[in-house]
Amino acid sequence: MSELQAVFWDMDGTLVDTEPYWIESEYQLVKDHGGTWNEEKAHQLVGQALTYSASVLQEAGVQMGVREIIDHLTAQVVSRCGERIPWRPGARDLLNELHRERIRSAMVTMSFTPLARAIAEALPTGHLEFVVTGDMVSAGKPDPEAYHLAFDTMAADHEHRTGAPLRRRQCIAIEDSIPGTAAAAASGMVTLAVPHYSPLPDNGQWHLMDTLSGAGVSTLQELLVRDPSPATA
């Protein structure tokens, strides 16, 4: 049986429920610029690269540069998380168990470094070994670049520590959105989809679960055994 080696966590909508903070900030920003926004547009941005989201907000009437929009929204969400971090059900319990079992974890998010750092630093030391953020890659999800970077980063360290290779089919990525699951599956990792704001198809490319509540290491281990997606080197 293949043993679980590492878990790569999406952040917004998977580890924390920050999407309402993003959506609230989007509404206010568009309103401040005299544009129009709605729930359909907001939900279309869930899981997307922030550069893409900023371009959509520009089309909605926001008269700011892409980086200005990203920095503004990120600051708003960081501020809200400073008041309260809305953890997703079961996420911290699973992280705790992974840490106890010495199974490595990292974060792969399209949010930029300030927000990712705020969330990672709110967890006990060592629960997330490192983060890959949207400002570290040239192509955002659904492109798999961020997952490739995260895997390569951990693989180099893993082989240095253990002398053994890190294998993609022994790593699980946890995602909640259409862009995120597409990116994770394309990277060759076993993918667990826990839908939140957007429904996800049961198309054989990933496992589907309603919630992480009650999920443990044995749950993830079982996913490796019955993984539905094609093997990747």
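This report walks through the sheet, the helices and the empty spaces of one predicted model.

**The sheet and the helices on it**

A good place to start is the open sheet. Six strands make it up, in the order S3-S2-S1-S4-S5-S6, and their pairing is parallel. At the edges stand strand S3 (131-132) and strand S6 (207-208), each of which pairs on one side only. Further in, strand S4 (residues 171-175) and strand S5 (residues 190-193) run parallel and are joined by four bridges. If you would like a spot to look at, find Ala173, which stands opposite Thr191 in S5.

Two helices pack on this sheet. H5 touches strand S1 (6-9), S2 and S4, and its direction makes about 150 degrees with that of S1. H7 touches S1, S2, S3 and S4, with its direction at about 155 degrees to that of S2.

**A pair of helices**

Now turn to H3 and helix H4 (residues 66-83). They pack at an angle of about 105 degrees, and their axes are 9 Å apart. Angles of 65 to 115 degrees count as roughly perpendicular, so H3 and H4 are roughly perpendicular to each other. Which residues in H3 and H4 meet? From H3 come Leu50, Thr51, Ala54, Leu57 and Gln58, and from H4 come Val66, Ile69, Ile70, Leu73 and Thr74. By class, this contact of H3 with H4 has seven nonpolar residues, three polar and no charged.

**Pockets and cavities**

Next come the empty spaces. A search of the whole structure finds two cavities of 30 Å³ or more. The table sets these beside the largest pocket.

| Space | Volume | Classes in the lining |
|---|---|---|
| Largest pocket | about 220 Å³ | four nonpolar, seven polar, four charged |
| Largest cavity | about 220 Å³ | seven nonpolar, six polar, seven charged |
| Second largest cavity | about 50 Å³ | three nonpolar, three polar, one charged |

The largest cavity has a volume of about 220 Å³. It is lined by 20 residues, and Asp12, Glu19, Leu45, Gly47 and Gln48 are the closest to its centre. Helix H1 (19-32) and helix H3 (50-59) are the elements that give two or more residues to this lining. Of the elements, H1 gives the most to the lining of the largest cavity, with four residues. H3 therefore has two parts in this story: it packs with H4 at about 105 degrees, and H3 also helps to line the largest cavity.

The second largest cavity is lined by Gly13, Thr14, Arg88, Pro89, Val194, Thr211 and Leu212.

As for the largest pocket, 15 residues line it, and those nearest its centre are Arg102, Ile103, Arg104, Glu129 and Arg161. Helix H5 (91-100), strand S2 (104-108) and helix H7 (145-162) each supply at least two residues of its lining. You have already met H5 and H7: H5 packs on the sheet, and H7 packs on the sheet too.

**Two backbone details**

Arg102 deserves a second look. Where is Arg102 found? This residue is in the loop between H5 and S2. Arg102 is not a glycine, yet its phi is positive, at about 60 degrees. Arg102 is also one of the residues nearest the centre of the largest pocket.

The other detail is a peptide bond. From Lys141 to Pro142 the bond is cis, with omega near 20 degrees. Pro142 has its place in the loop between S3 and H7.

Definitions and conventions:
Residues numbered from 1 in each chain as written. Predicted model: local features only at pLDDT ≥ 70, side-chain atom pairs only at ≥ 80, totals over all residues. Heavy atoms only, no water. 1 Å grid on protein atoms, 1.4 Å probe; cavity = no way out; pocket = protein on both sides within 12 Å on 5 of 7 lines; lining within 4 Å. Points joined across faces, edges and corners; volume = space filled by probe spheres on them. Nonpolar A, V, L, I, M, F, W, Y, C, P; charged D, E, K, R; others polar. Axes fitted to C-alpha atoms, helices over the stretch in contact; angles between N-to-C directions. Parallel < 35°, antiparallel > 145°, perpendicular 65-115°, else oblique. Contact = heavy atoms within 4.5 Å. Pairing = 2+ DSSP bridges.
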